[in-house]
Amino acid sequence: MEQDRRPDQAELQRMRESVAAKGGHTMLRSEVLRWNRRWSAGDLALLERHLGRVGAVRFRRAADGEYVSCVDPQNRLAMVIAPGYLAFPRHWVNDECAPDWPGVALSTFGVRSDPVVSTGAGRATRAPKAPRGSTTRRIPEKEPVFCPRCFLQLTTTGTCPSCD
């Protein structure tokens, strides 16, 4: 995979935060396959192959609508689907993944400005925008820290439950 066919660090950080955030929507496997209407037949075949390879059994669209997380039967994160790429925790990386990041680019990589996603009701819509902040003042929460290898949120001691 070419160097320019990978998300930058800011995009990977957005993905980690979005997947770790509360909320979202549970999806069926069939909804996941229809989630981005821009995917080619080759993208869908690649997605199907990786869903089977990691044994994904549950799917959740993030609250911001930008990513879909896939969980294996042991309730571990197995894969994250973005409109233009698939990202894997370290234990699911295989030879299709780039050597410098744990993912596979799809044909829609880089075409991500306001992706067309499926609502599951048979019609396409734009991804929802982030909700506006309330007017009440809140005490900011501590930013979560994520493992740079497998994207899981680190424990309060700073160790990764998957890698360490």
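Which residue in E3 stands opposite Arg58?

## Strands E2 and E3

The partner of Arg58 is Val71 in E3. This is a predicted model. Strand E2 covers residues 58-61, and strand E3 covers 68-71. The two run antiparallel. Four bridges join them.

E2 and E3 form a hairpin. Six residues lie between the two strands. One residue in the turn is Gly65, with a positive phi of about 75 degrees.

## Strands E3 and E4

E3 also pairs with strand E4, which spans residues 77-81. The sense is again antiparallel, over four bridges. Cys70 has Met79 in E4 as its bridge partner.

A hairpin links E3 and E4 too, with five residues between the strands. Here Asn75 takes a positive phi near 65 degrees.

Is E3 covered or open on its two faces? Both faces are covered. Val68 and Cys70 are buried on one side. Ser69 and Val71 are buried on the other.

## The nonpolar cores

The largest nonpolar core has 22 residues. Seven have the most contacts inside it: Leu47, Leu51, Phe59, Met79, Ile81, Leu86 and Phe88. Helix H2 (29-33), helix H3 (41-54), E3 and E4 each supply at least two residues of this core. H3 gives the most, with four residues. Met79, the bridge partner of Cys70, is thus named twice: it is also among the core residues with the most contacts.

There is a second, separate core of 14 residues. Its members include Val19, Tyr67, Ala98 and Ala105.

Now take Leu86 from the largest core. Which residues does Leu86 touch, leaving out those up to four places away in sequence? They are Leu46, Leu47, His50, Met79, Val80, Ile81, Trp101, Pro102, Gly103, Val104 and Leu106.

## The second largest pocket

A probe the size of a water molecule, rolled over the atoms, shows where empty space is left. The second largest pocket has a volume of about 310 Å³. It is lined by 16 residues. Closest to its centre are Val19, Arg60, Ser69, Val71 and Leu77. Two of these names have come up on E3: Ser69 and Val71 share one side of that strand. Val19 also belongs to the second core.

Which elements supply at least two residues each to the lining? They are helix H1 (9-20), E2 and E3. By type, the lining residues divide into eight nonpolar, four polar and four charged.

Technical notes: Residues are numbered from 1 along each chain as its sequence is written. This is a predicted model: local features need pLDDT of at least 70, side-chain atom pairs count only at pLDDT 80 or more; totals for chains, interfaces and linings use all residues. Side-chain values use heavy atoms; hydrogens and water are left out. On a 1 Å grid over the protein atoms alone, a cavity is a set of points where a 1.4 Å probe fits but cannot get out, and a pocket is an open set with protein on both sides within 12 Å along at least five of seven lines; lining residues have an atom within 4 Å of a point. Grid points are joined across faces, edges and corners, and a volume is the space filled by probe spheres set on the points. Ala, Val, Leu, Ile, Met, Phe, Trp, Tyr, Cys and Pro count as nonpolar, Asp, Glu, Lys and Arg as charged, and the others, Gly among them, as polar. Buried means under 20% relative accessible area, exposed over 50%, partly exposed in between (1.4 Å probe, protein chains only). Two strands pair if DSSP finds at least two bridges between them. A nonpolar core is a set of buried Ala, Val, Leu, Ile, Met, Phe, Trp, Tyr and Cys residues joined through side-chain atoms within 4.5 Å. Contact means heavy atoms within 4.5 Å.
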